[in-house]
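Reader: Got a minute to walk me through this one? I'd like the repeats, the strands and the packing.

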Amino acid sequence: MRPILMKGHERPLTFLKYNRDGDLLFSCAKDHNPTVWFADNGERLGNYKGHNGAVWTCSISWDSSRLLTASADQTVKLWNVQKGEQLYTFNFDSPARSVDFSVGDKRAVITTDPFMNKTSAIHIKEIAENIEDQTDDSLVVMRGPTGRINRAVWGPLNKFIISGGEDAILRLWDPVTGQEIMSTRDNENAHKGSITSLCLSPDGSHFLTGSLDKSAKLWDTRTLTHIKTYVTERPVNAVTMSPLLDHVVLGGGQDAVNVTMTDHRAGKFEAKFYDKILQEEIGGVKGHFGPLNALAFNPDGKSFASGGEDGYVRLHHFDPDYFHIKI
C-alpha cells in the first residue's frame with residue numbers, strides 16, 4: 001500500500017474531511033489556508049485564502065457547494081467550494097474551534113473557546129439559502145462545560161447535538177431550547193482525559209471518541225451508553241471508522257516537544273487499526289514524522305487519509321487483501 005504524499009501545508013495538520021461523494025478531500029492546518037484535493041490521486045485543486053489564524057475544523061454541505069471553516073482568528077467563514085470565494089464571515093469574541101452543518105445544511109453548530117473571561121460556548125446559526133439574507137445572529141447559545149469544547153456535531157435528524165472536550169464529559173444538547181439532555185458525567189466508563197476527537201458512524205447510530213487518556217471509546221448516539229473501548233499506549237488525537245468493515249482507526253502520539261528527547265521511533269506515529277467488535281489491534285500504517293492530528297475515511301471505505309504534525313497529508317488506497325483480513 002503505497003501512500004500518496006500531499007504537501008500543501010506549511011504547518012501541522014488539524015483536520016481532514018471528505019465530501020459526501022468521496023471525490024474531494026478538505027484539509028485544515030495551522031497555516032491559515034484550508035485546502036481541497038482530488039481524493040483519488042491527491043492532486044491539489046486549490047486553497048481558501050482569508051483566515052488570519054490556525055484553521056481547526058471544516059464542514060462540507062451535502063451537495064459539496066459550500067464549505068464552513070472555523071479558525072483561531074475568531075471567525076467562521078462560509079465559502080463557495082468551486083470558486084474558492086468567501087460568501088460570509090461569522091464573527092465571534094473568541095477563537096472558533098468546531099463547525100458542523102446540520103442534515104439539510106439549513107443550520108450549523110459552532111463551538112468557541114474560552115477566551116479572556118468568557119467561557120466556551122456552542123452556537124447554532126441559521127445558514128441562509130440566499131447569501132444576501134445571511135445574518136450573524138445565533139439561534140441558541142449553550143454554555144456550561146469548563147475548558148474547551150473540541151467537537152460538537154449534529155445527531156441523527158438534527159434532534160440533538162453531541163459535544164465533547166477538555167472536561168472529558170460527553171453531552172447531548174437540545175438545539176431548540178439549549179438545555180443539556182444527558183451526559184456521561186457519572187458514567188464509570190467515561191473518558192478520564194480531554195476528549196480530542198469525535199466521529200459519527202455513517203448511519204448515525206453510534207459514534208467514536210478519542211482522548212488524551214490513551215483510549216478511544218464507542219458510544220450509542222441516543223443514549224450515550226458505552227459500547228466498546230480501544231486501548232493504546234499513547235494519547236489519541238484523531239479517530240475515524242470504516243464505512244465498509246468493522247474497523248476503527250486511531251491516530252496520535254506523544255507531543256512533538258517530548259519526541260526530540262527520545263528516539264523518533266518511540267513516538268509511535270502510526271494510524272492503528274482495531275477490530276470494532278473484538279477491540280483488538282489488527283494492524284498499523286506508519287509514515288508520519290510526528291503525531292497524527294487528523295484522520296478520515298473515504299465514504300466508499302476503500303481509502304483513508306491521515307494528517308500529521310509534519311505538515312503532510314498521506315492518502316492511502318487499500319490493497320485488495322485489506323478487505324480479507326482474518327483475525
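Author: Sure. Take residues 142-183: that stretch is 0% helix and 48% strand. Its end C-alpha atoms lie 14 Å apart. Keep in mind that this is a predicted model.

Reader: Where does that residue range come from?

Author: From UniProt, in an unreviewed entry, under "repeat: WD". The ranges listed there are 6-47, 48-89, 142-183, 188-229 and 285-315.

Reader: And how far apart are the end C-alpha atoms of residues 6-47?

Author: They are 13 Å apart. The span is 0% helix and 52% strand.

Reader: Let's go to E3. Buried or exposed?

Author: Strand E3 (24-29) has six of its six residues buried, so the rest of the structure largely encloses it. Both faces are covered. Leu24, Phe26 and Cys28 are on one side, with Leu25, Ser27 and Ala29 on the other. In a regular strand, side chains alternate between the two faces of the sheet.

Reader: Which strands does E3 pair with?

Author: E2 pairs with E3 in the antiparallel sense, over five bridges. Lys17 has Phe26 in E3 as its bridge partner. Strand E4 (residues 35-38) also runs antiparallel to E3, joined by four bridges. There, Leu25 is bridged to Trp37.

Reader: Which turn residues have a positive phi?

Author: In the E2 and E3 hairpin, Gly22 has a positive phi of about 80 degrees. In the E3 and E4 hairpin, His32 in the turn has a positive phi of about 80 degrees. Each of these hairpins has five residues between its strands.

Reader: Asn19 caught my eye. Where is it?

Author: Asn19 is in the loop between strand E2 (13-18) and strand E3.

Reader: Why does Asn19 count as buried?

Author: Its relative accessibility is 2%, and the cut-off for buried is under 20%.

Reader: What does Asn19 touch?

Author: Beyond residues up to four places away in sequence, Asn19 touches Leu24, Phe26, Ile60, Ser64 and Pro299. Ser64 is 45 residues away along the chain, yet the two C-alpha atoms are separated by 6.3 Å.

Reader: Change of topic. How many residues are in the largest nonpolar core?

Author: It has 13 residues. Among those with the most contacts inside it are Leu68, Val76, Phe90 and Ile127. Strands E7, E8, E9, E10 and E11 each give two or more residues. E10 gives the most, with three. Nonpolar side chains tend to be buried together in soluble globular proteins.

Reader: What is Phe90 in contact with?

Author: Leaving aside neighbours within four places in sequence, its contacts include Leu68, Val76 and Ile127. Gln74, Lys125 and Asp136 are also among them.

Reader: Any aromatics to look at? How many pairs?

Author: Twelve aromatic pairs. In one of them, the ring centres of Phe297 and Phe304 are 6.0 Å apart and the planes are at 35 degrees, so that pair is tilted. Both residues are buried. Ring pairs also link them into a cluster with Phe273, Phe318, Tyr322 and Phe323.

Reader: Which strands pair around there?

Author: Strand E26 (residues 292-297) and strand E27 (residues 303-308) pair antiparallel over five bridges. Ala296 stands opposite Ala305 in E27. In E26, six of six residues are buried. Gly301, in the hairpin of E26 and E27, takes a positive phi near 75 degrees.

Reader: Last one. Which charges sit over rings?

Author: Arg20 is one, with its charged end 3.7 Å from the ring centre of Trp62. Arg97 lies over the face of Trp56, at 4.1 Å from the ring centre.

Definitions and conventions: Residues are numbered from 1 along each chain as its sequence is written. This is a predicted model: local features need pLDDT of at least 70, side-chain atom pairs count only at pLDDT 80 or more; totals for chains, interfaces and linings use all residues. Side-chain values use heavy atoms; hydrogens and water are left out. Rings of Phe, Tyr and Trp (its six-membered ring) pair if their centres lie within 6.5 Å; planes under 30 degrees apart count as stacked, over 60 as edge-to-face and the rest as tilted. Buried means under 20% relative accessible area, exposed over 50%, partly exposed in between (1.4 Å probe, protein chains only). A charge sits over a ring if NZ of Lys or CZ of Arg is within 6 Å of the ring centre and within 35 degrees of the ring normal. A nonpolar core is a set of buried Ala, Val, Leu, Ile, Met, Phe, Trp, Tyr and Cys residues joined through side-chain atoms within 4.5 Å. Contact means heavy atoms within 4.5 Å. UniProt positions are given in the numbering used here, feature names are shortened, and annotations may be inferred rather than shown by experiment. Two strands pair if DSSP finds at least two bridges between them.
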